[in-house]
Amino acid sequence: MRILGIETSCDETAASVISIDEKNGYIKPLSNIIASQIKLHAAWGGVVPNLAAREHLKNILPVLHSSLAEAGLSKDDIDLIAVTNGPGLIPALLIGTNTAKTIAYAWQKPLLGIHHIEGHIYANFINKSPEDIAFPILCLVVSGGHTQLVLMKKHLDYAIIGETQDDAAGEAFDKVARILGLGYPGGPLISKLAAGFKPGADLSPIRFPRPMIASDNLNFSFSGLKTSVLYFVKKNQARLADKKFVRQIAYEFQQAVIDVLLAKTVAAAKIHKPKTVMLAGGVSANIQLQLQLSKAVSEQLADTDFYFPEPSFQSDNAAMIAAAAFFRQQKNGRGETLSSGWKGLKTEANLKL
Ligand code: KG4
Ligand code: ZN
C-alpha cells in the first residue's frame with residue numbers, strides 16, 4: 001500500500017509518499033519533501049499566518065510533484081491521500097486540506113484527515129514494523145504548540161495524563177531565544193549555544209526554577225521559567241556581550257526544561273508502567289533531552305524501551321501524517337471517498353486528539 005501525506009499546519013509545506021509492506025507492515029518512506037519558510041518568518045520573530053498561507057500556496061504543487069518524482073511514482077500508484085486537518089493555523093491548514101480534497105476528487109482516491117500530533121506520535125513508527133514497538137506506550141509530546149504526556153494502550157487510543165497549563169516546551173525555547181536576541185526558531189539556537197557551554201569554577205552559578213516539578217500531578221508549566229529568564233536578562237543586560245555568559249543562560253534554561261520533562265515522564269511511567277517511552281514533536285530534536293531521557297528510562301524503569309523519531313521526521317513533515325493514516329485506515333476503513341462524503345472533511349484550528 002502507498003500513501004501520499006500532506007502537511008501545511010504551520011510553516012513547513014510538506015509532502016511524502018510512504019509504502020507499507022503487505023506482509024509485515026514495515027513503513028518505508030519513499031520521499032520526504034519539506035519546503036521550509038523559516039527564513040521568511042525569522043524576520044518577524046515568529047510565524048505570521050497569512051504569510052505562511054501565501055508561501056504554502058506557492059509551494060504546495062511543486063512539493064507534491066517532487067514527492068511523487070522522488071518516489072519514482074505516479075498518481076496511479078497512490079492508494080490513499082492523508083492530510084493534516086488540525087490543529088494549526090487556519091490559513092495555513094486550509095491550503096493543505098483544500099489541495100488534498102482537490103486531488104482526491106481529480107484522482108478519485110480516498111482521503112483521510114489526520115491530527116497533527118497523531119502524526120508526530122506515529123513518526124516513531126517510520127522505518128519500523130508495527131510489532132517493533134510494544135504497548136502500552138507513554139509518549140512525551142513536545143512541540144511548539146503542545147506539551148503533553150499521552151498514554152496509549154493500543155493504536156490510536158490516546159489518554160492525555162498530563163499537559164502544560166500555559167506555554168509549550170518549544171514555545172518556551174522560542175521565547176527565551178527572543179529574549180536573548182537570538183532569532184527564530186529558538187530550540188536549535190539555544191541547544192547549540194548550550195552545547196558550547198562548559199561549566200567551570202570561574203562562573204557564578206545561575207539557577208532557574210523548575211516549575212511544578214514537585215507538584216502531585218503530571219502537568220507542566222513553562223511560562224514562569226521564561227519570565228524568570230526575562231528578569232535575569234534584564235538585570236544582567238550589561239553582561240550579554242559576553243558569549244560565555246549567554247551560553248551559560250542557554251545551558252541553564254535548557255537544563256531546567258529537561259529536568260521537569262524528565263521528572264514528570266518518569267513519574268508517569270512509574271504509575272502507568274508502559275513497555276515503551278517515546279518522544280514526539282519538534283523538541284524531540286534536542287540531543288540532551290534524548291540522551292538524558294534515554295538514561296533515565298534505562299536506569300529508573302525496568303524492561304522499558306525508549307524511542308524517538310529519526311532526525312528527518314522530528315520536526316514537521318508529511319511522512320508522519322502518512323504513517324498515522326496507515327493505522328487510521330486499518331481502524332476506520334480506507335478513508336472517506338467522494339461518494340461517502342469527504343467533502344465534509346473539517347479543518348479545525350483546535351482539533352482535539
Ligand atoms: O513539532 P514542531 O516542528 O512544530 C509544531 O508542531 O509546533 O516543533 C517546533 C518546535 C519549535 O518551538 C522549536 O523551537 C522546537 O520545536 N525545537 C527545539 C529543537 N529543535 C526544534 N527545541 C529544543 N531543542 C531543539 N534542538
Ligand atoms: Zn509539529
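In sequence, the residues that donate to the zinc ion, ligand 2, follow the spacing H-x3-H-x195-D. I should say at once that this is a predicted model.

The atoms behind that pattern are NE2 of H116, NE2 of H120 and OD of D316, which coordinate the zinc ion (ligand 2) at 2.0 to 2.1 Å. H116 belongs to helix α4, residues 116-122, while D316 sits in the loop between β10 (305-307) and α10 (319-332), so this pair ties together parts that lie 200 residues apart in sequence.

Are these two residues buried or exposed? H116 has a relative accessible area of 7%, so it counts as buried. D316 is buried as well, with a relative accessible area of 13%.

Staying in that loop for a moment, the next residue I want to show is A318, also between β10 and α10. A318 has a relative accessible area of 0% and is therefore buried. What does A318 touch, once residues up to four places away in sequence are set aside? The list is G5, I6, E7, A14, A15, S16 and N32. As for C-alpha positions, A318 and V17 are 8.3 Å apart, with their positions 301 residues apart along the chain.

Now the domains. The assignment gives domain 1 as 2-127 + 313-332, and domain 2 as 135-309. Taken over C-alpha atoms, the centres of domain 1 and domain 2 are separated by 27 Å. Domain 1 puts 22 residues into the contact and domain 2 puts in 25 residues.

How much area is buried between domain 1 and domain 2? About 1,900 Å², and carbon and sulfur atoms give 67% of that. On the domain 1 side, I121, N124 and Q314 supply 35% of the area buried against domain 2, more than any other three residues.

Turning to polar interactions, the rule finds zero salt bridges across the interface of domain 1 and domain 2. Six residue pairs are in polar contact between domain 1 and domain 2, both residues of each pair being at pLDDT 80 or more.

Which helices of domain 1 each supply at least two residues of the side that touches domain 2? They are α1 (38-42), α4 and α10. Of these, α4 gives the largest share of that side, with five residues.

That brings us back to the metal site: α4 is the helix in which H116 lies, and H116 is one of the residues coordinating the zinc ion (ligand 2).

Conventions:
Residues numbered from 1 in each chain as written. Chains lettered and ligands numbered in written order. Predicted model: local features only at pLDDT ≥ 70, side-chain atom pairs only at ≥ 80, totals over all residues. Heavy atoms only, no water. Donors = N, O, S within 2.8 Å, 3.2 Å for Na, K, Ca; no water. Helix = DSSP H or I, 4+ residues; strand = E, 2+ residues; numbered from the N terminus. Buried < 20%, exposed > 50% of the residue type's maximum accessible area, 1.4 Å probe, protein only. Domains from an automatic or database assignment. Contact = heavy atoms within 4.5 Å. Buried area = accessible area lost by both parts, 1.4 Å probe. Salt bridge = Lys/Arg side-chain N within 4 Å of Asp/Glu carboxyl O. Polar contact = N/O pair within 3.5 Å; in protein donor to acceptor, adjacent residues only side chain to side chain.
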